[in-house]
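This report covers the packing, the strand pairing and the charged pairs of one protein chain. Look at the fold before reading on.

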Amino acid sequence: MREANFRGIRLLEQTWAYGCLVITKRDGRETQYQIVNKYIIQRSSGVADVDPDSVGEFTGLRDKRGKEIYEGDIVEAWSEGSRGVFTVQWRQEGSPCFILYPAYQAGEFWNLHGTRGEDGVLTDNVLILGNIYENLVAS
């Protein structure tokens, strides 16, 4: 079973926080989303208030450069000479839980699938270009 890990954009610093997701409701007021860094839970700097719209879960896969793939990432994939650009999305039902959207491009269906390396890490042959939250597409 893979470890649940999340990321979200900090409200104050506008940088990414990574760790466990905590959702709380205070005194019937607004719901608060926080990412708790699992390695420094004892320190106050280990908790970050994050924008709920930016929260994404780790898929359990890394791209071909070794970067962790999260829900909301924009990825590039190649298949038999065809190139596709997709958004990684959570799928409520069925397997796999994370899909490439739109799944049908260039006359074929595309999906995420990991290959376990000798180090035990699951890697997919996609490349992360950016993500939907920062509206970036890096080269």
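Contact here means heavy atoms within 4.5 Å. The model is predicted. Leaving aside neighbours within four places in sequence, W110 is in contact with A77, W78, S79, S82, R83, G84, F86, L100, A103 and Q105.

**Nonpolar cores**

W110 also belongs to the largest nonpolar core. That core has 12 residues in all: L61, I69, V75, A77, F86, V88, F98, L100, W110, L112, V126 and I128. Four strands each supply at least two of its residues: β7 (73–79), β8 (82–90), β9 (98–101) and β14 (126–131). There is also a second, separate core of 6 residues. Among its members are A17, I35, A48 and V55. As a general point, nonpolar side chains in soluble globular proteins tend to be buried together.

**Strand β5 and its partners**

Strand β5 spans residues 56–62, and 6 of its 7 residues are buried. Strand β1 (residues 6–9) runs antiparallel to β5, joined by 2 bridges. In that pairing, R7 stands opposite G56 of β5. Strand β6 (residues 68–70) also pairs with β5 in the antiparallel sense, again over 2 bridges. Here R62 faces E68 of β6 as its opposite residue. β5 and β6 form a hairpin with 5 residues between them. In the turn, G66 has a positive phi of about 95°.

**Salt bridges**

How many salt bridges are there? The count comes to 3. The table gives each pair with its closest N and O atoms.

| Acid | Base | Closest N and O atoms |
|---|---|---|
| D73 | R7 | 2.6 Å |
| E68 | R62 | 3.5 Å |
| E76 | R83 | 2.5 Å |

Start with D73 and R7, which form a salt bridge. D73 lies in strand β7 and R7 in strand β1, so the pair ties together parts that are 66 residues apart in sequence. Are these two residues buried or exposed? D73 is buried, and so is R7. The relative accessible area of D73 is 2%, so D73 falls under the 20% limit for buried. The side chains of D73 and R7 also share a polar contact of 2.6 Å.

What else does D73 touch? Not counting residues up to four places away in sequence, D73 touches R7, E68, F86, T87, V88, I128, G130 and N131. Of these, F86, V88 and I128 are members of the largest nonpolar core.

Next comes E68 with R62. These residues stand opposite each other in the pairing of β5 and β6. E68 has 23% relative accessibility, so E68 counts as partly exposed. R62 has 28%, so R62 also counts as partly exposed.

The remaining pair is R83 with E76. At 42% relative accessibility, R83 counts as partly exposed. E76, at 13%, counts as buried. R83 is also one of the contacts of W110.

**In brief**

The largest nonpolar core draws at least two residues from each of β7, β8, β9 and β14. Strand β5 pairs with β1 and with β6. The salt bridge between D73 and R7 ties β7 to β1, and both of its residues are buried.

Definitions and conventions. Residues numbered from 1 in each chain as written. Predicted model: local features only at pLDDT ≥ 70, side-chain atom pairs only at ≥ 80, totals over all residues. Heavy atoms only, no water. Core = buried A, V, L, I, M, F, W, Y, C linked by side-chain atoms within 4.5 Å. Buried < 20%, exposed > 50% of the residue type's maximum accessible area, 1.4 Å probe, protein only. Polar contact = N/O pair within 3.5 Å; in protein donor to acceptor, adjacent residues only side chain to side chain. Pairing = 2+ DSSP bridges. Salt bridge = Lys/Arg side-chain N within 4 Å of Asp/Glu carboxyl O.
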